[in-house]
Amino acid sequence: MSGSVPFIRRLAVIGVGLIGGSLARALRTAGAVGEIIGIDRDEANLRQAAELGVVDRAAATVAEGVAGADMVFLSVPVRAMAGVVREIAPHLAAGCIVTDGGSVKAEVVAACDPLMPAGTCFVGGHPIAGTEHSGVGASFATLYQGKRCILTPAATTDRDALATVARMWEAAGSEVVLMDPEKHDRVVAAISHLPHMVAYALVNAVEGYDRFEESILRYSAGGFRDFTRIASSDPAMWRDIALMNREGVLEMMDHFAAYFGQLRSLVAAGDAEGLERFFRDSKESRDAIL
Ligand SMILES: NC(=O)c1ccc[n+]([C@@H]2O[C@H](COP(=O)([O-])OP(=O)(O)OC[C@H]3O[C@@H](n4cnc5c(N)ncnc54)[C@H](O)[C@@H]3O)[C@@H](O)[C@H]2O)c1
Ligand SMILES: O=C(O)C(=O)C[C@]1(C(=O)O)C=C[C@@H](O)C=C1
């Protein structure tokens, strides 16, 4: 544990899975938080969170769980966020900050912000870090180390609350970036949501390929497995993301289809030079991000 002062007195984590559990672990390791209360509709997962010491105690009810908390972190699927805020709103202490880690921001912020009682504040957030695994058993303290966390404040967001949420993510090891929610959704549609759509479609396409009488997936090796790791991610989480960032995801799927079509034309035309140029451009861009 670092010697830093716990600047969050009581943190309530709603949805103690990969994202919420990892934040709880990271903040505890950093000495940034006094007490951590867990809330989850999956009783077995919540019990495990308490047994693992990820939370200090499991709340019996949502009302009891958020009572007296100065920070509430929402890490439930994106379409569940507003319902949870509606449920906790009457029980929040004055000055409480509610923030989230959901993968879509415009609709989440627009739905949650107006539900907040006077004297409390909602700050939208999204750590750009994760894995294909779910549940508190998959959580780990270093998930956010060296990663970015995007915060999406509105013009009306209290600046002190924003600074406290930024400090929380920095304590977890992340670099905080501010962005408006609409830009956020277009950016993650490109760098996160499209790759998941492509990976899910690729696995189904190969499994659905019926030229042979056996499933050929078992012959897959490094290339296919690296590329499709994220197709093992939670289907319900990705259903919610595709529905809530529908416009951004559709725009990127169309954009991708145009590039895929270009590549198809190069193959069909036997254009060796064009193919090599296409692959070189891509390799240069990909090498540059590492
Ligand atoms: N998995 C990732 O890589 C990743 C990365 C960044 C952000 N996110 C976002 O973080 C959020 C959580 O994802 P996760 O990967 O931690 O999922 P997870 O399945 O590991 O954890 C979510 C937890 O929320 C609980 N839950 C669901 N609905 C609830 C409700 N209404 N009330 C109380 N508890 C409820 C579930 O029981 C589960 O334990 C999602 O919004 C997701 O979009 C995920
Ligand atoms: O590394 C992974 O497994 C992830 O899918 C993490 C990932 C991504 O990079 O796309 C997935 C969803 C998020 O909202 C943020 C991060």
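1. Helix H10 and its packing. In this predicted model, the buried residues of helix H10 (246-269) pack against H7 and H9. The buried residues of H10 are Gly248, Val249 and Met252. The helix has 24 residues and reaches 34 Å from its first C-alpha to its last, close to the 34 Å expected at 1.5 Å a residue. Just after H10, Gly270 takes a positive phi of about 60°.

2. Helix H7: length and kink. Helix H7 covers residues 181-207, 27 residues in total. At 1.5 Å a residue, H7 should span 39 Å; the end C-alpha atoms are 36 Å apart, which agrees. The helix nevertheless contains a kink of about 50°, and this kink is centred on Ala189.

3. Helix H7: buried residues. Which residues of H7 are buried? They are Pro181, His184, Asp185, Val188, Ala189 and His193. Ala189 is thus both a buried residue of H7 and the centre of its kink. The cover over the buried residues of H7 includes the helices H5 (106-112), H9 (235-244) and H10, together with the strands S7 (125-127) and S8 (148-151).

4. The three-stranded sheet. S7 and S8 also belong to an open sheet of three strands, in the order S7-S8-S9, with mixed pairing. S7 and S9 (175-178) stand at the edges with a single partner strand each, so one side of each has no neighbour in the sheet. From one strand to the next, the twist averages 20°. S7 and S8 run antiparallel and are joined by three bridges. Within this part of the sheet, Gly125 stands opposite Leu151 in S8.

5. The six-stranded sheet. A second open sheet is built from six strands in the order S3-S2-S1-S4-S5-S6, and here the pairing is parallel. Its edges are S3 (57-58) and S6 (121-123); each has a single partner strand, so one side of each is left without a neighbour in the sheet.

6. Strand S1. Is S1 (8-14) largely enclosed or largely open? Six of its seven residues are buried, so the strand is largely enclosed by the rest of the structure. S1 pairs with S2 (residues 33-39) in the parallel sense over six bridges, and Val13 stands opposite Gly38 in S2. S1 is also joined to S4 by four bridges, again with the two strands running parallel. In S4, Leu74 is the bridge partner of Ile14.

7. Strand S4. In a regular strand the side chains alternate between the two faces of the sheet. In S4 (residues 71-74), Met71 and Phe73 point one way, Val72 and Leu74 point the other way, and all are buried. Four bridges join S4 to S5, which run parallel. Two of the pairs across these strands can be named: Val72 stands opposite Val98 in S5, and Phe73 stands opposite Thr99 in S5. Helix H4 lies across S1, S4 and S5, running at about 150° to S4.

8. Gly101. This residue is found in the loop between S5 and H5. With 27 C-beta neighbours inside 10 Å, where 20 or more are required, Gly101 counts as buried. Not counting residues up to four places away in sequence, Gly101 touches Ile19, Phe73, Ser75, Gly125, His126 and Pro127. The C-alpha atoms of Gly101 and Cys149 are separated by 8.9 Å, although the two residues are 48 residues apart along the chain.

9. Ala89. This residue lies in the loop between helix H4 (81-88) and strand S5 (97-100). Ala89 counts as partly exposed because it has 16 C-beta neighbours inside 10 Å. Leaving aside neighbours within four places in sequence, Ala89 is in contact with Leu115, Met116 and Pro117. One of these, Met116, is 27 residues from Ala89 along the chain, yet their C-alpha atoms are separated by 6.1 Å.

10. The annotated domain. According to an unreviewed UniProt entry, residues 9-290 are covered by the annotation "domain: Prephenate/arogenate dehydrogenase". In the model, this span is 50% helix and 13% strand, and its end C-alpha atoms lie 38 Å apart.

Notes: Residues are numbered from 1 along each chain as its sequence is written. Chains are lettered from A and ligands numbered from 1 in the order in which they are written. This is a predicted model: local features need pLDDT of at least 70, side-chain atom pairs count only at pLDDT 80 or more; totals for chains, interfaces and linings use all residues. The expected span of a helix is 1.5 Å times one less than its number of residues. The bend at a residue is the angle between axes fitted to the seven residues ending there and the seven starting there. A residue is buried if 20 or more other C-beta atoms lie within 10 Å of its own, exposed if 12 or fewer, and partly exposed in between; C-beta atoms are placed from the backbone. Two residues are in contact if their C-beta atoms, placed from the backbone, lie within 7 Å. UniProt positions are given in the numbering used here, feature names are shortened, and annotations may be inferred rather than shown by experiment. Two strands pair if DSSP finds at least two bridges between them. Axes are lines fitted to C-alpha atoms, for helices over the stretch in contact, and angles run from 0 to 180 degrees between N-to-C directions.
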